[in-house]
Amino acid sequence: MTHSYPEVFDFQGFNAPSRIECDIYDLIVEGTIPQEIDGSWFRAIPDHQFPPKFAKDTYLSGDGMVSLLRIQNGHADFKQRYVMTERLKNDRAARRALHGLYRNPYTDDPSVRGKDRTVANTTPVWHGGRLLMTKEDGLPYEVDPQNLETKAQFNYGGRLKSQTFTAHPRLDDESGEMFFFGYEASGLATRDVAFGIEDRNGDLVHEEWFEVPFCSLMHDFLVTKEHIVFPVWPMTCDLERLKAGGAHWVWEPDKGSYIGIMPRGAGVAHLRWFHLEPRAAFHYLNAHSDGNRVNIDFAPARVVGFPFIQEASGISVPPEKMGGRGLVRWTFDLNRPAGGYEEAILGPGGDMPCVARKDAGKDYDIGYYQTFMPQNGTPHIVGPVGPGFNTIARIEVKTGKLSTYAPGPECTVQEHVHIPSKQAGHEGYLLFVVDLHDRMASELQLLEAGKIEDGPVARLQMPFRLRCQVHGTWVPG
Ligand SMILES: [Fe+2]
């Protein structure tokens with residue numbers, strides 16, 4: 001390979017491609033990994049195998065890499081492999097990138113026209129005894145959870161009709177079900193959304209389609225014990241724009257936002273749409289129903305944050321001017337014919353939120369997310385948005401009590417995962433990658449979730465820089 005990567009932030013500095021597939025037996029640990037932790041942490045990392053066909057590519061087009069940290073008996077082993085997608089196989093055969101712009105097949109080399117182009121780089125999903133590497137623009141790839149070898153693209157043996165599958169399915173620990181959706185379900189720029197349910201055994205037991213008001217970047221959704229919620233923000237796609245070689249997503253605030261809510265089990269004919277002001281959000285901390293009142297906890301922004309979407313939209317809004325009112329609770333009252341919602345402020349804004357699995361979809365108190373606090377360090381570029389988060393926050397949403405942990409002034413944090421404890425009254429652990437910008441290196445840190453301000457109980461040394469992940473998942477045992 002003689003080409004180099006473009007001199008834009010997606011491919012330089014901490015974001016330089018890594019492309020390392022490896023096995024590391026027994027990482028060096030400072031401190032102690034509690035004996036009770038026994039499980040596997042899977043992470044999904046975009047990592048361009050080749051320099052992109054066009055310099056104006058985004059980090060999010062990177063070929064999917066899956067990593068596994070296996071923790072047992074106080075020790076940790078690390079493994080990392082590419083997901084062998086059809087796209088990566090075709091690119092490797094040509095020894096160059098044949099695929100063009102982010103989610104625009106009209107910009108691909110003619111030799112791969114009509115071939116699958118998803119990169120399976122967003123979230124590892126474990127359910128029904130299988131590990132899927134997902135990206136919302138296509139179908140997931142099944143990966144062997146032990147050796148990380150790619151098995152095949154997965155669509156329930158042809159039974160799933162949707163052409164796409166979200167990177168944010170929602171699990172109900174009590175029913176054992178996995179809820180998911182796919183937007184652009186019948187093809188590029190379509191308004192069709194598929195809603196599906198996989199039962200506890202991994203069987204597809206439900207698929208139903210509906211139309212959204214416009215084709216929107218629907219990255220995540222919400223499931224409570226009683227309701228399903230589909231947020232639609234004004235990031236829109238247009239087929240003619242794609243055919244002309246343009247961007248997949250453009251910010252169109254004039255369209256406003258929509259929130260679709262339906263009772264769980266009632267079917268998509270019962271979706272009720274609330275029309276709202278333009279907002280942008282990608283992830284949701286949690287949601288719960290209180291009778292006919294549906295509560296959604298998240299941190300909406302006033303404008304989309306991704307630089308490549310801003311550029312395609314002809315806008316340039318710096319991070320400090322994108323924010324909304326922080327982490328908020330929006331309450332939709334289905335008994336109110338007039339629509340609208342109530343807003344309560346919970347805490348400072350941020351992203352990468354999660355709750356303990358046992359709390360998902362229920363009235364709850366404790367959430368974990370990430371934020372940037374100037375007093376904790378200077379901004380450092382890492383990942384697809386630009387400046388990374390430097391602080392992990394634990395919030396008690398009923399009182400607003402906030403605790404924080406920041407690893408250092410030259411550090412950013414990648415998404416944390418929550419590990420439940422087997423001890424009664426113990427809140428579990430948070431595990432995450434810390435980016436060490438002064439050394440261009442990485443380490444893993446483990447916090448007690450109930451005492452994050454005390455700092456790590458264990459630090460795991462990594463012998464090389466870990467490229468920024470998108471999402472990860474913890475699989476016990
Ligand atoms: Fe996400």
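**Two domains and a four-stranded sheet**

Good morning. The domain assignment of this chain gives domain 1, residues 1-82 + 365-477, and domain 2, residues 155-363. Please keep in mind that the model is predicted.

I begin with the two domains. Their centres, taken over C-alpha atoms, are separated by 25 Å. Where they touch, domain 1 contributes 22 residues and domain 2 contributes 22 residues.

Which strands supply the side of domain 1 that touches domain 2? At least two residues each come from β25 (366-371), β27 (386-387) and β28 (391-396). The largest share, six residues, belongs to β25. By residue class, this side of domain 1 divides into 12 nonpolar, nine polar and one charged.

I turn now to a sheet. As general background, strands of a sheet pair through backbone hydrogen bonds, either parallel or antiparallel. Here we have an open sheet of four strands in the order β6-β7-β8-β9, and the pairing is antiparallel. Why do β6 and β9 each have one side without a neighbour in the sheet? Both β6 (123-127) and β9 stand at the edges with a single partner strand each, so one side of each is left free of a neighbour in the sheet. From one strand to the next, the twist averages 30 degrees.

Let us finally examine one pair within this sheet. Strand β8, residues 141-143, and strand β9, residues 150-153, pair in the antiparallel sense over three bridges. Tyr141 has Gln153 in β9 as its bridge partner, while Val143 has Thr150 in β9. The hairpin of β8 and β9 has six residues between the strands, and in this hairpin Leu148 takes a positive phi near 65 degrees.

Thank you for your attention.

How values were computed:
Residues numbered from 1 in each chain as written. Predicted model: local features only at pLDDT ≥ 70, side-chain atom pairs only at ≥ 80, totals over all residues. Pairing = 2+ DSSP bridges. Domains from an automatic or database assignment. Contact = placed C-beta atoms within 7 Å. Nonpolar A, V, L, I, M, F, W, Y, C, P; charged D, E, K, R; others polar. Axes fitted to C-alpha atoms, helices over the stretch in contact; angles between N-to-C directions.
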